[in-house]
Each structure stands twice: as C-alpha cells, then as structure tokens.
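This report is for a reader who is new to the structure below. Please look first at the ligand and its surroundings, and then at some local features of the chain.

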Amino acid sequence: MTATAGSLMQKSLPNWDNLSFAFTETDFMYRSYGDKRNVPIWDRGEFAPLADIKVSPAAAFMSYGLGIFEGLKAQRSADGRILLFRPDKNAERFKRSAVRLSLPEFPAHQFVEACVEMVRRNERFVPPVGKGSFYLRPLELAVEPKLGLGPSNLFLVLIYGCPVGSYFTGGAPKGVRLQVLEQGRVAPGGTGYAKCMSNYAGGIYVASQWKEKGFDDVLYLDARHLKYVTETSGSNVFLKRKDGVIVTPSLDDQILPGVTRDSTIQVARSLLGMKVEERPLAIDEVIEEGEELFCTGTAWTLQSVREIVHHGITVKFPVEDARKAILDVVRGIQTGSREDTFGWTVKVR
Ligand code: COI
C-alpha cells in the first residue's frame, strides 16, 4: 500500500510484466445481502473498499459448503476501451448454480451491472494491452448461522477482482501434462453442472499428488462408467480427431457448462467452419483417434495438452492448430481487435 494526499491508503499496482493467476488486493469490492423472506430478496448492493468480511462462525456456507462462484474477465483494447467478456452468460450460470445449492437466484441484470461497475471502480488494476486481464470472482454464500443441515434464509453476494496473467507458471508454452484418473470429478447425479465450492474442494488433494510427480493437472473419467473423459480440475476438454472433427463431452450432470467452452464451440463452428460434436468422448477414442487435445476455461483460456498418461502409457498430442486458430479469434473478440459479431463483449469504458 502507498499513502496518498489526504492519507487515503491506495493499494499498490502490480508489476505488469510479472502477472500470474494469484490474488492481489485491489480498491473495491461489491456486496449485496439477500433474505429469502423478503420481496425482493436482494438489496440494491453497494461498493465498498476491499476488506475482510464479517460472518458468524456458524454461517452455513462454512460448515456445509453452501456457496457458488463465477469467474469472468475484462481486458483492454488497443483503441483504449475496456471490454468485459460475456457477463450475461456468467449471470445465467450463477442462477442455475444457485438453484442446485438451494440459494436464491441473483438477478442477472444486477449481476451484470455490478460486474461492469466493479471493473470501472478498479480500472487502474486492469492490465495494459497484452499484459493480462482483470478477473472478477462473484460469490454467493449462505451466511445464516445454522447448526443443523437445511436451507438458509440469509445470503451474501460478493464480487472481488484482481489483475491476472497465465494460470500456469511460465504459461506452459508447450502445453500441459495430464494424468488420466480412473475416477470421477463429481458424483453421478450430483452438483457437477453447478459452479459450487465443493466441486473444487475435493479435487485439490487429488491433483496435488500428481502435481508432485510432474503433472500440471489431472483428467477425470466419468463417475458412472469410468470410460468417458469429463474435465480437468478446472477446465473443459476438447479433442481434435485425425479426421479433423472436434469433439467435446456433451453437457450432463458431470460437465460444467463453461463460458469458454461455449465460445470455443461457436467460434469453431460459425467463424472457422470446423465440425464440432458434443457427445460422450471415450478415453479410448482420445488415445486412438486424437491428434490434438486442449482444455478451455476462463482461467485456463484455451490451453494445449502436450501429453496425457493413462495406465502408465504416455500419449502425446503434438498438434496445436485448432486451438491456436480458435484462441486467436476468441482473444481478438475479447480485446476488441476483431469484430464482435456475436455481441459478446460489454463496453465498460
Ligand atoms: C475459472 O476458470 O474461472 C475458474 O473458476 C476455475 C478455477 C479452477 C480457477
């Protein structure tokens, strides 16, 4: 922190050349309180200096994981604008995740307006062109003090944000290395399609063990059959087959409807004329028919997989053409260097 005139304490700006995917403090956060017994449920919300929050030790989210979150990014364009990417899509998913966790839906317009204003208020933390993006993390938490397991009445939506660079140290320029696991990321019939806290919590232990052995992450098979690929710890997966067809697992109870997943499919199909199939994708097909494998996510962006290890056998994916072509277009839209024919970006500045 640095002191400025009037003794207002300002947060320090980061070194723009050294951004990673790590939390750093910024100026403002957003908060809105909700009570299920009120109409409307949510208050108007307010922006406040970023600070620790006060909650009861018995707040339901802390014992029972009654919390959901989102991730979305804003970027600068070369002509001086700041563009937020598809906040309406995150707002929709935030609502769907809320329903699955017995939380009240946060209105989409309030979500989008709050995200836009968060970027404006933290504008000095939006990285210069080409240096990274400003990542927003909206959360909805059941904050009612509760000992017994059951639905809550009191909720808090929080949004914080910070400048970020690549998710992987050094950017993983040659792609990531994944260990294929004969286990599911989430339970069948469970919360896999919702972006909730618990889907991520259990995977940290699993991935850490493989990271210690030189892997970047893991690739989970489906929990019902242990036959189809699903996701890594935090991204969707795409295969380009040797015949040129791109396949990604269809949305079901174990697949998160990723915003970058959807953008990838739309760009590949409509702008690049690629054939994309959404269907179950067997690990055997990945190994026998695959030419290129890549992952998608807001934090991961479009990330090549250089190799997977399955039953002790290494399978390499040296091709990166499809990913590079799609990323070029997605990035172009996100940074305003390419016409946004889909109407995905929201101009913040
Ligand atoms: C994101 O991609 O925004 C996520 O929330 C995934 C998380 C593992 C960083």
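The ligand in this predicted model is surrounded by Phe21, Phe69, Gly71, Tyr135, Arg137, Tyr167, Lys195, Gly234, Thr298 and Ala299. By residue class, this shell consists of five nonpolar, three polar and two charged residues. Domain 1 spans residues 2–165 and domain 2 spans residues 170–334; because both of them give residues to the shell, the ligand lies between the two domains. The ligand also sits in the largest pocket.

Three side chains of the shell have a polar atom at a short listed distance from an oxygen atom of the ligand, as the table shows.

| Side chain | Distance from a ligand oxygen atom to an N or O (polar) side-chain atom |
|---|---|
| Tyrosine 135 | 2.5 Å |
| Arginine 137 | 3.3 Å |
| Lysine 195 | 2.9 Å |

How much of the accessible area of the ligand does the protein cover? On its own, the ligand has 280 Å² of accessible area, and the protein covers 89% of this.

The remaining features concern the backbone and a set of side-chain contacts.

Valine 39 and proline 40 are joined by a cis peptide bond, with an omega of about -5°. Proline 40 belongs to the loop that runs between strand β3, residues 28–35, and strand β4, residues 46–49.

Another backbone feature is found at arginine 86. Although arginine 86 is not a glycine, its phi is positive, at about 50°. This residue is placed in the loop between strand β7, residues 82–85, and helix α2, residues 87–100.

Which side chain makes a polar contact with the side chain of arginine 86? The partner is aspartate 262, and the contact is 2.8 Å. Aspartate 262 is part of helix α5, which covers residues 259–271. The contact thus links a side chain of helix α5 with a side chain from the loop between β7 and α2. The side chain of aspartate 262 also has a polar contact of 2.9 Å with the side chain of glutamine 266.

Definitions and conventions. Residues are numbered from 1 along each chain as its sequence is written. This is a predicted model: local features need pLDDT of at least 70, side-chain atom pairs count only at pLDDT 80 or more; totals for chains, interfaces and linings use all residues. Side-chain values use heavy atoms; hydrogens and water are left out. A residue is near a molecule or strand if one of its heavy atoms lies within 4 Å of it. A polar contact is a pair of N or O atoms within 3.5 Å; within protein, one must be able to donate a hydrogen and the other to accept it, and residues adjacent in sequence count only if both atoms are side-chain atoms. Accessible areas come from the Shrake-Rupley method with a 1.4 Å probe; for residues, only the protein chains shown count as cover. On a 1 Å grid over the protein atoms alone, a cavity is a set of points where a 1.4 Å probe fits but cannot get out, and a pocket is an open set with protein on both sides within 12 Å along at least five of seven lines; lining residues have an atom within 4 Å of a point. A molecule sits in a cavity or pocket if more than half of its atoms lie within 2 Å of its grid points. Ala, Val, Leu, Ile, Met, Phe, Trp, Tyr, Cys and Pro count as nonpolar, Asp, Glu, Lys and Arg as charged, and the others, Gly among them, as polar. Domain bounds come from an automatic or database domain assignment. Helices (H or I, at least four residues) and strands (E, at least two) are DSSP runs, numbered from the N terminus.
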